[in-house]
Structures are given as structure tokens and as C-alpha cells.
Amino acid sequence: MNEFRTLLENFWICKDADKELYYKVKRDIPNFQKFVREQLGWKLVHTENLLKLEKRPARGESFMGIGEFLDIRDYCILCAVLMYLEDKEEHEQFLLSELIDYVETGLKPYIAIDWTLFTQRKSLVRVLQYMEKLQMLRVYEGRSEGFGLESGQEVLYENTGYSKYFATSFSVDISGFESFEDFEKAEFEEIEQNRGSLRINRVYRQLAICPCMYWESVEDADSLYLKNQRQWVAKYISENMGGNLDLYKNMACISLDADDCYGLLHPRDAMLPEIVLLVCNGIQKEILNGHLLKGDNELIFTTSGQMSDIILQCRKNHSAGWSKEYREMNEELLVENVLEYMKNWMMIRFLDEQIIILPAVGRTAGVYPEDFNGGEEN
């Protein structure tokens with residue numbers, strides 16, 4: 001298998017962090033460069049010190065973003081720190097006190113910054129630790145987390161120079177953009193003159209970085225391309241990413257062989273994914289007994305109350321097989337955790353007061369063996 005998957009799994013690969021991996025991937029670029037350029041329409045950045053695949057999605061999804069960040073403020077601070085580093089030379093050192101003055105001044109027209117507040121100091125700490133993890137910053141003296149405990153803490157950093165490759169470059173002016181939809185529109189307006197390329201890029205991007213690809217109409221242009229070209233799509237996916245293309249009435253996805261997995265998987269060996277498998281089984285039973293009804297487009301509209309009932313019934317039936325954490329978890333928090341996981345894996349979607357159950361719920365289900373204590377009860 002080529003090293004394309006390594007680029008998919010990593011934000012970027014830095015030579016000074018893993019020299020062997022850097023050269024291993026770089027040598028293999030000719031084997032997947034055409035797939036990146038023609039099928040995905042992505043940019044591959046490769047310099048003397050860094051390799052990065054700019055993984056632009058076909059459309060924004062709820063699970064996308066920086067997992068470590070908890071607040072919009074985190075993203076605002078990240079942008080300010082990136083701007084600060086723009087004016088720094090590679091390997092130039094600077095103090096945290098200098099940085100926070102810049103961040104406070106730069107963000108003042110947009111959001112209120114008060115470093116005496118613990119929540120705002122923690123927001124900055126999350127950003128700094130994320131940037132350390134990606135090696136945009138190196139700590140020379142002190143600890144970033146110290147600022148979260150006390151605002152007077154000082155830290156000495158070094159700018160590695162990698163931050164200038166963090167942001168994606170755009171060929172259009174984005175200063176007037178107001179939402180992620182503006183970015184989606186601009187992305188494909190660049191190739192509007194070639195609708196065929198637009199469609200190809202959308203399909204491959206969705207399959208490459210999302211759990212599922214959905215369509216609601218038989219006339220959907222992307223689905224028609226996928227159905228007509230399924231052999232070629234399956235071939236290119238298998239050769240470059242591994243796995244199999246699974247195509248259904250209103251959904252497509254990539255499934256991996258058990259002995260050839262990579263990335264974040266569902267299901268995987270953890271308690272929450274196991275619970276979700278049981279919940280999917282519960283939903284499938286509700287469909288069979290007529291309590292949940294499929295629409296023509298394979299979507300099921302239900303309420304948060306009905307979903308809560310299914311989740312809590314699963315715990316009632318199977319709690320002996322669950323970890324202590326989930327067995328004793330507050331009901332509201334349990335439901336929240338399960339629904340959030342299902343939303344991130346594109347199994348459900350929220351619409352006002354309703355929950356839309358998506359076709360992916362029908363692909364997998366979990367049951368305990370009949371002789372298992374705490375397994376499925378009749």
C-alpha cells in the first residue's frame with residue numbers, strides 16, 4: 001500500500017520530527033500524485049522540511065474542525081497567533097507576554113479578551129498546546145499550561161516556521177465571507193467552467209474524508225456519476241486508499257478489511273461505539289415493528305424523545321455488558337454522548353426539533369450472545 005494514507009491520517013509530516021517517514025512518503029508521491037490532482041482536486045505541499053495534503057472537503061460537516069478546541073474563541077485566538085508568527089523569522093524566539101499583548105490588541109475589535117478570566121486563559125492554552133503538537137511552536141523555557149493556572153506565568157517559545165503552511169491559500173478574496181457555505185461556493189466556482197471535474201472532485205472528497213456520501217434524489221448529479229462510474233471509482237479508491245466501495249440506494253461509503261484498517265474507525269474497540277451498535281440494532285427493530293417509518297429517500301424522521309427511549313432501553317437490556325462509566329452515567333448525558341457520536345459519524349442529523357435517522361444506521365448492528373449475562377433480553 002502506498003503512503004497516501006499516511007498523508008490522510010496526518011495534518012502534515014515534518015522532516016525534523018520523523019525523517020524516515022518524511023522521505024518514505026516523499027519517495028512515494030509519484031504513485032498517487034495523479035489521484036490527488038485529478039480525482040480529489042487537492043493541493044499537495046512538499047517542501048524541504050514538510051509534506052502536507054490540503055484536505056478540503058466537498059462540504060462542511062459537523063464533525064470537522066479541531067477536536068481540541070471547545071469554543072469559537074479558540075479559533076479566533078489561533079488566527080491571531082498565526083498572524084503574530086507571520087512577522088517572526090524561522091527559529092526566532094519570543095515571550096508569551098509579547099504574544100498575549102498582540103492577541104488582545106488584534107482581537108479587540110471582534111471579541112472581548114480578559115486574561116484575568118480562567119476560561120479565556122484556558123482557551124489560549126488549548127491553542128498553544130495544539131500548535132506545539134503540530135510543531136508550529138517549540139517551548140524553550142516554561143510550560144504553556146502554567147498560564148492557565150496563573151496569568152503572570154512567562155514562557156519562552158521558538159517559531160519553527162511551519163505556521164506559514166497551516167492555512168489554506170485561496171485564489172479569491174475571502175474577506176467578505178460570512179459562513180462556511182461561502183467557502184464551499186468559492187471552492188467550486190473556481191472550476192465552474194468544467195462541471196465534470198467539479199463533480200468528480202466532490203464525489204472523491206466525500207468518500208475520502210467523510211463516513212458516508214448521501215443523496216436524496218435519483219436525479220442527483222453526483223450519485224449518477226458514482227453509479228455510472230462505480231467500477232472506476234472503486235478501482236481508484238482501492239489502489240490509493242484501500243478498502244471497498246459500498247453503494248446503496250441513497251448512500252455510498254468505504255469499508256475497510258479488518259486486517260487493513262487505518263484512521264479513526266467505526267465500529268472500534270471502545271465502549272461508546274459498542275453502545276451505538278446496540279442502539280442501531282434497537283432502531284432497526286423499531287423499523288421492523290412499524291414504530292419508525294422510512295421515507296421514499298430512506299430517511300426516518302423521529303423525535304429526541306423517541307431516540308432517548310431507544311437508547312435508555314438499550315441500557316436497561318444490556319447494562320451488564322457496559323463499563324461502569326456508561327452503566328452509571330446520568331441519563332441525559334448518556335443520550336447526549338450517543339447522539340453526538342452518531343451525528344459525527346453521519347448516522348443522524350438534527351433538524352429543528354426533529355432527529356433524522358440516516359441510512360448508515362442500517363449498515364451495522366450489535367447484539368450480545370444469547371448466553372451472555374446482560375445480553376439481549378426478549
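## Close-up views of a predicted model

**View 1. Cysteines without partners.** The sulfur of C314 lies 9.1 Å from the closest cysteine sulfur, that of C280, which is too far for a bond. Please keep in mind throughout these views that the model is predicted. C314 is a buried residue, at 5% relative accessibility. How many disulfides does a search of the whole structure find? The search of the whole structure finds zero. C76 is likewise in no disulfide, and its nearest cysteine sulfur, in C79, is 6.7 Å away. With a pair of sulfur atoms having to lie within 2.5 Å to count as a disulfide, the distance of 6.7 Å from C76 to C79 leaves C76 in none. C76 is partly exposed, its relative accessible area being 22%.

**View 2. A salt bridge within helix α10.** The structure holds 17 salt bridges, and this view takes up the one between E239 and K235, whose closest N and O atoms are 2.9 Å apart. Where do these two residues lie? Both belong to helix α10, which covers residues 230-240. They are four residues apart, about one turn of the helix. E239 is partly exposed at 44% relative accessibility, and K235 is partly exposed too, at 36%.

**View 3. A salt bridge between two loops.** Here the side chains of K249 and E298 meet in a salt bridge, with 3.8 Å from N to O. K249 sits in the loop between β8 (244-247) and β9 (251-255), while E298 sits in the loop between α11 (271-288) and β10 (300-303), so the pair ties together parts that are 49 residues apart in sequence. K249 is exposed, at a relative accessible area of 53%, whereas E298 is partly exposed at 22%. Take a look at the backbone of E298 as well: its phi is near 75 degrees, a positive value in a residue other than glycine.

**View 4. Further salt bridges: a pair and a network.** K88 pairs with E92 in a salt bridge, and the closest N and O atoms are 3.7 Å apart. E92 counts as partly exposed, with 27% relative accessibility. Which residues are joined into one network by salt bridges that share partners? They are D16, R138 and E158.

**View 5. The buried face of helix α4.** Helix α4 runs over residues 96-107. At 1.5 Å a residue, its twelve residues should span 16 Å, and the C-alpha atoms at its ends are indeed 16 Å apart, in agreement with that value. Which residues of α4 are buried? They are L96, L99, I100, V103 and L107. Looking down the axis of α4, you will find these buried residues within an arc of 95 degrees, so they line one face of the helix.

**View 6. A nonpolar patch on the surface.** F170, V172, I174 and F183 together make a nonpolar surface patch of about 270 Å². To find your way around, start from I174, which is placed in the loop between β6 (156-159) and α7 (180-189). Is I174 buried, partly exposed or exposed? I174 is partly exposed, as its relative accessible area is 31%. A residue needs over 30% relative accessible area to join a patch, so I174, at 31%, meets that requirement.

**View 7. A cis peptide bond before P267.** The peptide bond joining H266 and P267 is cis, with omega about -10 degrees. P267 is found in the loop between β9 and α11.

**View 8. A positive phi at D352.** Although D352 is not a glycine, its phi is positive, at about 55 degrees. This residue lies in the loop between β11 (348-351) and β12 (354-357). Is D352 buried or exposed? D352 is exposed, at 74% relative accessibility.

**View 9. From K26 to N330.** K26 belongs to helix α2, residues 19-40. It is partly exposed, with a relative accessibility of 31%. How far apart are K26 and N330 in space? The two are 49 Å apart, C-alpha to C-alpha, and 304 residues apart in sequence.

Conventions
Residues numbered from 1 in each chain as written. Predicted model: local features only at pLDDT ≥ 70, side-chain atom pairs only at ≥ 80, totals over all residues. Heavy atoms only, no water. Patch = residues over 30% accessible without salt bridge, like charges linked within 9 Å, V, L, I, M, F, W, Y side chains within 5 Å. Areas by Shrake-Rupley, 256 points an atom, 1.4 Å probe, with all protein chains shown as cover. Salt bridge = Lys/Arg side-chain N within 4 Å of Asp/Glu carboxyl O. Buried < 20%, exposed > 50% of the residue type's maximum accessible area, 1.4 Å probe, protein only. Expected span 1.5 Å × (residues − 1). Arc of directions from axis to C-beta.
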